[in-house]
Amino acid sequence: MIPSHPPDKSRIRDAATVIVLRDRDGDPHILMGQRGARAAFMPNKFVFPGGAVDAGDADVTLASPLPSLCAGRLAEDAASDISHALAVAAIRELWEETGQILGQPAPWPAAPPADWADFAATGHAPAAAGMQFVFRALTPPGRPRRFDARFFLVDAEALASDPDDFSAASDELSHLQWVPLAQARQFDMPFITEVVLSEIDARVTRRSPPDSVPFFKNNDEESLFLRLRGQPLVD
């Protein structure tokens, strides 16, 4: 049956993006891939793994939770606290798009959902203790897709998989590779990715979660660069 009203693809969807950082104390690299030429959102651009939160993400159990500071920042300026679902979505998208496992050996409390079956078959449960919430950005109006994206930073040492093995990845991202952080801006990437890279540059030597998280808030009236810091936002 064809719905009487097609879905509104321009509505703002919650999303999670993962920046995996490797060898931060030596020659820092970040994991990136290229979106397809036919993608409706950011075609051909090099991006970090990530995507929209699914309805079932809130029901997936984490073997370890997000750091409490990060969970608190995620709950700021939000209609409801979806910090758990965002963390789960980030781990799921990382797995689907790169085949990398952010988890720990643990049994699942129940049969995994269909989109988690392959992850569960590796013997791991998703774990969020190594994730840090470092950036938030709202897609500007007028784009074919709009996301309220939260960016998480993860050290490659937290992965339970071989960081050079992308054999379990889907085909959503091509040319998966570890890009030297100092050379990343030579790639064709979205503007917001360049902005986030500046934040990562500043955090390479800082291993603790940030007290204050940048929020690039694009609404119908104006673009605001705010910070989530445990206080009411001031426009």
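**D77, helix α1 and the salt bridges**

I will start with a single residue, D77, which sits in the loop that runs between α1 and α2. Before going further: what you see above is a predicted model.

D77 is not a glycine, yet its phi is positive, at about 50°. In the sequence, D77 comes after α1. How exposed is D77? D77 is partly exposed, and its relative accessible area is 38%.

What does the side chain of D77 pair with in a salt bridge? The partner is K217, and the closest N and O atoms are 3.4 Å apart. K217 belongs to strand β10 and D77 to the loop between α1 and α2, so this pair ties together parts of the chain that are 140 residues apart in sequence. K217 has a relative accessibility of 18% and counts as buried, because the cut-off for buried is under 20%. So here a partly exposed aspartate is paired with a buried lysine.

Now one step back, to the helix before that loop. Helix α1 covers residues 68-75, and C70, R73 and L74 are buried in it. Looking down the axis of α1, these buried residues fall within an arc of 100°, so they line one face of the helix. What covers them? The cover includes helix α2, residues 83-98. It also includes four strands: β7 (131-138), β8 (146-155), β10 (213-218) and β11 (223-228). You will recall that β10 is also where K217 lies.

Some overall values, for orientation. The protein chain has four helices and 11 strands. It has 235 residues, of which 48% count as buried. Take the contacts with a separation of 6 or more: 68% of them are between residues 24 or more positions apart. The accessible surface of the chain comes to about 11400 Å², and carbon and sulfur atoms account for 51% of that.

Back to charges. How many salt bridges does the structure hold? There are 15. Besides D77 with K217, I will go through two more pairs and one network.

The next pair is R22 and D164, whose side chains meet with 2.9 Å from N to O. R22 is in strand β1, residues 12-22, and D164 is in the loop between β8 and β9, so the pair ties together parts 142 residues apart in sequence. Both residues are partly exposed: R22 is at 23% relative accessibility, and D164 is at 48%.

The other pair is D148 and R136, with 2.8 Å between the closest N and O atoms. D148 is in strand β8 and R136 in strand β7, and the two are 12 residues apart. Are these residues buried or exposed? D148 is buried, with a relative accessible area of 9%. R136 is buried as well, with a value of 3%. Strands β7 and β8, which hold this pair, are also among the elements covering the buried residues of α1.

The network consists of D54, D57, R92, E93 and E96, which are linked by salt bridges.

Not every buried arginine has such a partner. R203, in helix α4 (residues 191-203), is buried yet has no salt bridge. The nearest side chain of opposite charge belongs to E199, 5.1 Å away. That does not qualify, because a salt bridge needs the nitrogen within 4 Å of a carboxyl oxygen. What does the side chain of R203 reach? It reaches the backbone oxygen of S208, at 2.5 Å. Leaving aside neighbours within four places in sequence, R203 is in contact with R24, Q132, V134, S208, P209 and P210.

One last residue, to set beside D77. H175 is also not a glycine, and its phi is positive too, near 50°. Where D77 is in a loop, H175 is in strand β9, residues 173-180. H175 has 53% relative accessibility and counts as exposed.

To recap: D77 has a positive phi and a salt bridge to K217, and R203 is buried without a salt bridge.

How values were computed: Residues are numbered from 1 along each chain as its sequence is written. This is a predicted model: local features need pLDDT of at least 70, side-chain atom pairs count only at pLDDT 80 or more; totals for chains, interfaces and linings use all residues. Side-chain values use heavy atoms; hydrogens and water are left out. Buried means under 20% relative accessible area, exposed over 50%, partly exposed in between (1.4 Å probe, protein chains only). Contact means heavy atoms within 4.5 Å. Accessible areas come from the Shrake-Rupley method with a 1.4 Å probe; for residues, only the protein chains shown count as cover. The arc is that of the directions from the helix axis to the C-beta atoms. Lys and Arg count as positive and Asp and Glu as negative; His and the chain ends are not counted. A polar contact is a pair of N or O atoms within 3.5 Å; within protein, one must be able to donate a hydrogen and the other to accept it, and residues adjacent in sequence count only if both atoms are side-chain atoms.
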